[in-house]
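Let's take a stroll through this structure, one helix at a time. Have the picture open and follow along.

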Amino acid sequence: MSFEGKKVVILGGGSGMGLAVAKKVASSGGKVVIAGRNADKLSKVVATLGEAASYKAFDLGDEAAVKKAFEEIGAFDHLVTTAAQLTFAPVADLSTEQVESMLVSKFWGPFYASKYAAPHIAKEGSITFFSGLAAYRPAPGAAIVAALNAALEGFAMALALEIKPVRVNVVSPGVVDTPTWDFLSSEDRQGLLDSVASSLPVGRVGQADDLADAALALMGNGFINGTVLHVDGGGRIA
């Protein structure tokens, strides 16, 4: 799949799944703009991606900053949002601040981004959100994560009707081996990933490239719209 002549903006492109998307777009001839809050981190990542990449540092939860960023970015073809700051804990143990942080990364950020990016996206372009398996297989400690994933998918379906012909789709990952799990000790992290892998029909957890391939497929196929693409190793049926 070629992205020659295409420009893709990736929110959360500094690591994990977002970085995997950026690498694949750049290697297929496209230009990428990775966005996040940490300018130092983004600049180092851009240096590894080559001349096809640039970055824009801003706070996804700051509406005015998001609006300004997209005005400066100008015209482009595809928007991908993978940014997520999640806290897994029982509802009784979650603070309001933790919930608000999750809201910013999983809902307000994508909302502001799509609101201010849409006027700059090519008519043949698209928006791709990342939700998650928790919306379909909720578990203790993931109530807010489940709710936000489901909310994002509902938002995407309606948005596809509002901003047509720009397409809006969602990638729903299962458990993926990314820095998301770095809050755990190395032993606990590996134990979690091994346990999940043994429960899945495919016998392994996801890798960032699995999700990047899915995002590129949604961007590249102009007849996929209003769709949730499940990339979970069979997690919904396990």
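Start at the beginning of helix 3, where a side-chain oxygen of Asp62 comes to within 3.2 Å of the backbone nitrogen of Ala64. Before going on, know that this is a predicted model, where local features need pLDDT of at least 70, side-chain atom pairs count only at pLDDT 80 or more, and totals for chains, interfaces and linings use all residues. Residues are numbered from 1 along each chain as its sequence is written, and side-chain values use heavy atoms, with hydrogens and water left out.

Helix 3 covers residues 63-73, and its buried residues (under 20% relative accessible area, with a 1.4 Å probe and protein chains only) are Val66, Ala69, Phe70 and Ile73. Look down the helix 3 axis: these buried residues fall within an arc of 90°, so they line one face. Why might such a pattern show up? An α-helix has 3.6 residues a turn, so residues three or four places apart point the same way. On the face turned away from the buried side of helix 3 sit Ala64 and Lys68, which are exposed (over 50%). And what do the buried residues of helix 3 pack against? Their partners are strand 1 (7-11), strand 2 (31-36), strand 3 (53-57), strand 4 (76-81) and helix 4. Right after helix 3 comes Gly74, with a positive phi near 75°.

Now hop to helix 4 (residues 96-117), which packs with helix 5 (residues 143-162) at an angle of about 10°, their axes 10 Å apart. That makes helix 4 roughly parallel to helix 5 (the label for angles under 35 degrees). Among the residues in contact (heavy atoms within 4.5 Å) are Phe107 and Phe111 of helix 4 and Leu152 and Phe155 of helix 5.

How values were computed: Axes fitted to C-alpha atoms, helices over the stretch in contact; angles between N-to-C directions. Helix = DSSP H or I, 4+ residues; strand = E, 2+ residues; numbered from the N terminus. Parallel < 35°, antiparallel > 145°, perpendicular 65-115°, else oblique. Arc of directions from axis to C-beta. Polar contact = N/O pair within 3.5 Å; in protein donor to acceptor, adjacent residues only side chain to side chain.
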